[in-house]
Each structure stands twice: as structure tokens, then as C-alpha cells.
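These are my notebook entries on a structure that I looked through element by element. I set down what I looked up and what I found.

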Amino acid sequence: MKVGGREMRAVEWSEDGIRHIDQRALPERVAIATARSVEDAARAIETMAVRGAPLIGVFAAYALALAAKRGEPLDAAAERLLRTRPTAVNLARGLDAVRGAADAASALAAARAYDDAGVAAAAAIGRHGLALFRHGTRVLTHCNAGWLAVQDWGTALAPVYLAAREGLAPFVIVGETRPRLQGARLTTWELREEGIAHALIADGAAAHLIQRGAVDLVLTGADRIAANGDAANKIGTYGRALAARAHAIPFYVAAPLTTIDRACATGDAIPIEERDAEEVLTAEGADAGGVVTRVRLAPEGTRALNPAFDVTPAHLIAGIVTEVGIVPATVAGIAEAFRRTKD
Ligand code: MRU
């Protein structure tokens, strides 16, 4: 995708290390950082400088290539990276793609191949998801499932980008996504850069807008999908799915097959990340002079709970938009998707 007319990627291998957008600085500025060690990469994932399920998989794959280049043991590096965040299964997929490499050159080749396959999958998700769009479709999304989360395209936003290029004039309603505000900070930024019409809403406004007929389609990404189609995604997704079902609005999940974890029989087996309570108790933003400050939102000493993801049960999901087509969120639908990859 282009930023200010310049082609940019969220994550990129370079001779110095892994160059990446530091997503914590957006939307105030586009900051480029370089992870020069496995520890740098692990910290970038933990602090969410690099985030989004498929992207952390790609980043972790390159981090193992970095370990191989530095002559470090891949197993120890993979263990460190795997400990960073528990919910997105793509992290393990990226590590598995590289950890068996015999030398630095083959580790880098494996990481690049994993990255390229992810880009191709995201582009295919865009093409399949286009079927959900008519002229002027008003789509509600949550969190950030665009090219900052999935190299070059996104998952939920990939069909939106294609719909816009096809002249279908989609309108995106963006949930702010407390506490980290990925919707407010990242999705709005991406959409503005692409010139796509959108409006930001407070998280609490989603059900009201669905009830009032302002939403035609709900489309989100996922961090891990169980074998039965239950889908973990950013906290707040489940509430949107419930509201969509109550008002007969279709709720779809867009995700590559690398997000499906058939070792989890149902969503109950998906580990849900608990993050620091400070994320809920404070908020960060720029003041009128553009200086970024963190402010306290609740009385000192308030206790807060901060589950970072929730699980939407499969029966609320109209379908999963994958790189091999839109499949039902069922055991059979998921089995069919994997069968298609063998054709
Ligand atoms: O905590 P984050 O920002 O990494 O969470 C990201 C999400 O929940 C996205 O919706 C998900 O990774 C899908 S991205 C294509």
C-alpha cells in the first residue's frame, strides 16, 4: 500500500535486521524501526509495535531468520518468540515455517516464502470477499485487520480495498476498539491513506447503529479459529456478532487458513491474552500541539480487567472468507477449505 504516494510494507527484511512500522506511533507519525535481534523482535511483538495475527507470524519468521544469520540456536529463539503473545496461532505458524531450516540462507528463504504465501492469501481473501459487497455497502469492522495487520492487504479490509478499486464506493464504520484503539488509530489511518469513506464510532455505538439499519454487513478478522468455526478476535467482536444476529445482519470473519487451528476443537480451547490493566485505566493521544501524552481515566487505585480477545461462537458467523473461498463456519466447512488447498 502507498503512504503519501510511497510504497510501504508493514514488515521487511533488510541487511540490518527486520525493518517495520512502529505501529505505536501512528497516526501521529510513520516511524520505522529495526529489530536487530530476537529480543528486539520479541519486545516489538509484546509492546505491539508489530501486531495483528498474520503480521506477527511473518515478523516471527523473519526473526528466526535473523537468529540463523547470527548463528543462534533456532529452538531457543522460537521459544522466546512464542512466549510473546498467546492468542494468534499465526505466530506458531510463522515459527514452524522456519525452525527446521539447516542454515541461514534456507531460513531466510523459508521466511520469505511464508511472507509471500501470506500476501497471496490476503489478496485472494480480497477477491472472494468482494462477493459480499454491492454499491455503497456500509460495512462495520472492529480493530485493525488491514495492511498493518496482514502484509500488503489485510483480511477484513482486503475486500474493502478491492471494492473501492472496483468503484463500489464502500463505506466503512470503524469501531474505536478500546483499550488499544486499533480502530481509531490504525484503521482510520489506513482508510484515509486509501481515500475510502469511513466514520469512527465509539465501541458502545455499534449495536445501536445495527439496530437502526445503518449497517449492511459486519466483517472482522480473527486471531485463531477453532476446528468447529468458533473465532477468537479482538475484544468486543462477540458483542457485534450478537447484535448482528439480533437484527439479521450478516456477520463474516475474514482469515487465511493459517489462522485456523484444528488442534483446538472449540473456542473454549483458545488461550485468551490478558494484558496490563494500565491499558484500560489510561489512554494515550496527541494534544493540540501534536505531543503524545498518556492520561489517567479512572480514580487512582481502580482495579481493571483487560482480556484482549473474545470468542464468537460459530453459529453467529455467516461464513469465513478464506483464500480458497467463503466457507461455512462448521467442521465440514473448514475441512472443505483445507481440501481445496490440495486441488
Ligand atoms: O491485539 P492485536 O492488535 O494484535 O489484535 C488484532 C486483531 O484482533 C485483528 O482483528 C486480528 O489479528 C485479525 S488481523 C487480520
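Entry 1: strand partners.

Which residue in β12 is the bridge partner of Thr220? I found that Val253 is the bridge partner of Thr220 in β12. Before going further I note that this is a predicted model, in which local features need pLDDT of at least 70, side-chain atom pairs count only at pLDDT 80 or more, and totals for chains, interfaces and linings use all residues. Residues are numbered from 1 along each chain as its sequence is written, and side-chain values use heavy atoms, with hydrogens and water left out.

I take helices (H or I, at least four residues) and strands (E, at least two) as DSSP runs, numbered from the N terminus. Two strands pair if DSSP finds at least two bridges between them.

I then looked up the neighbours of strand β9, residues 217–220. Strand β12 (residues 251–254) pairs with β9 in the parallel sense over three bridges. Strand β6 (residues 138–141) also runs parallel to β9, and two bridges join them. Val139 stands opposite Leu217 of β9.

Next I checked the directions of the side chains in β9. Leu217 and Leu219 point one way, whereas Val218 and Thr220 point the other way. In a regular strand the side chains alternate between the two faces of the sheet. All four of these residues are buried, a term that I use for under 20% relative accessible area, with exposed for over 50% and partly exposed in between (1.4 Å probe, protein chains only).

I followed β6 to β7 (171–175). Four bridges join β6 to β7, and the two run parallel. Leu140 stands opposite Ile173 in β7. Four of the five residues of β7 are buried, so β7 is largely enclosed by the rest of the structure.

Entry 2: the ligand.

How many residues surround the ligand? I recorded 19, the closest being Arg51, Arg85, Thr155, Asn233 and Lys234. A residue counts here if one of its heavy atoms lies within 4 Å of the molecule.

I looked up individual polar contacts, meaning pairs of N or O atoms within 3.5 Å; within protein, one atom must be able to donate a hydrogen and the other to accept it, and residues adjacent in sequence count only if both atoms are side-chain atoms. A polar backbone atom of Gly52 is 3.0 Å from an oxygen atom of the ligand. For Ala53, a polar backbone atom is 2.9 Å from a ligand oxygen atom. Arg85 places a polar side-chain atom 2.8 Å from an oxygen atom of the ligand.

On its own the ligand has 410 Å² of accessible area, and the protein covers 99% of that. Two elements, α2 (53–69) and β11 (231–234), give two or more residues to the shell around the ligand.

Entry 3: Glu79 and Thr322.

Where is Glu79 found? I located Glu79 in helix α3 (residues 74–82). Glu79 counts as partly exposed because its relative accessibility is 39%. Its side chain makes a polar contact of 3.1 Å with the side chain of Arg99. I also looked up Glu79 and Ala308, which are 229 residues apart in sequence and 22 Å apart in space, C-alpha to C-alpha.

Thr322 belongs to strand β17 (residues 319–322). Why does Thr322 count as buried? Thr322 counts as buried because its relative accessible area is 0%. A polar atom of the Thr322 side chain lies 3.0 Å from the backbone nitrogen of Val324.

Entry 4: backbone details in loops.

Most residues other than glycine have a negative phi, and most peptide bonds are trans. I therefore recorded exceptions to this general pattern.

A cis peptide bond joins Leu26 and Pro27, with omega about 5°. Pro27 is placed in the loop between β4 (17–21) and β5 (32–35). Arg178 and Pro179 are likewise joined by a cis peptide bond, with omega about 5°.

Pro179 lies in the loop between β7 and α7 (182–194), where I also found Thr177. Thr177 has a positive phi, near 70°. Thr177 counts as buried because its relative accessibility is 0%.

Met48 has a positive phi as well, near 65°. I located Met48 in the loop between α1 (38–46) and α2. With 3% relative accessibility, Met48 counts as buried.

How values were computed:
Accessible areas come from the Shrake-Rupley method with a 1.4 Å probe; for residues, only the protein chains shown count as cover.
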